[in-house]
Amino acid sequence: MCEFTVVVPVYNEGRRLAKFLRSIPSEIPILLLDKGSNDESVSIAKTFNNVEILDIPFGPPGSEFIYLTKIKSRLRTEWCLVLVVSQIVDLQLYSKINKVLTNNRNDIIELPFRNYTFGMCEDYNPWPSHTYKPLLSRVRAINFQP
């Protein structure tokens, strides 16, 4: 059983959405936050059995925070992984994530943004050395920040 849900905010991502959704194993639930797309994004998402669509009004990055209670009520797993359509994750990482989550007592698991983004080392870093990117968070601790 999958321990986490992929949460993905979307606005007019029809051109890239199918490739992104196909990259996620079908046993992983996906909550697609549609921000009022007027392209084929929603119709593409509806063709995937593991995708649930939640309408969220369009806003600036982090505006999902306003609808946090509504988002949390739709999540059926204890953990969530927030991605954007441009972040296609290697299939092996999904199984490794499930292993990390087993018996994990933390609420948030982060990666040092200065060094790694999904396992690829970055030579250039515009962020301060203490910046970390949340990778996974328990539903009770999920937060959308700009």
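**A tour by way of Lys35 and Asn104**

Begin by selecting lysine 35, which lies in the loop between strand 2 (30-34) and helix 2 (41-45); helices (H or I, at least four residues) and strands (E, at least two) are DSSP runs numbered from the N terminus. This is a predicted model, in which local features need pLDDT of at least 70, side-chain atom pairs count only at pLDDT 80 or more, and totals for chains, interfaces and linings use all residues. Residues are numbered from 1 along each chain as its sequence is written, and side-chain values use heavy atoms, with hydrogens and water left out.

Lysine 35 counts as buried because its relative accessibility is 8%, where buried means under 20% relative accessible area (1.4 Å probe, protein chains only). Now show what surrounds this lysine: leaving out residues up to four places away in sequence, lysine 35 touches ten residues' worth of labels to pick out, including Pro9, Tyr11, Phe58 and Glu64, contact being heavy atoms within 4.5 Å.

Next, move to asparagine 104, in the loop between helix 4 (91-101) and strand 5 (108-112), which counts as buried at 16% relative accessibility. Its side chain reaches the backbone oxygen of valine 100 at 3.3 Å. Not counting neighbours within four places in sequence, asparagine 104 is in contact with Trp79, Ile109 and Arg138.

Finally, select the whole chain, where four helices and eight strands run from the N terminus as β-α-β-α-β-α-β-α-β-β-β-β. Of its 146 residues, 45% are buried, and among contacts with a separation of 6 or more, 69% join residues 24 or more positions apart.

Key. Buried < 20%, exposed > 50% of the residue type's maximum accessible area, 1.4 Å probe, protein only. Polar contact = N/O pair within 3.5 Å; in protein donor to acceptor, adjacent residues only side chain to side chain.
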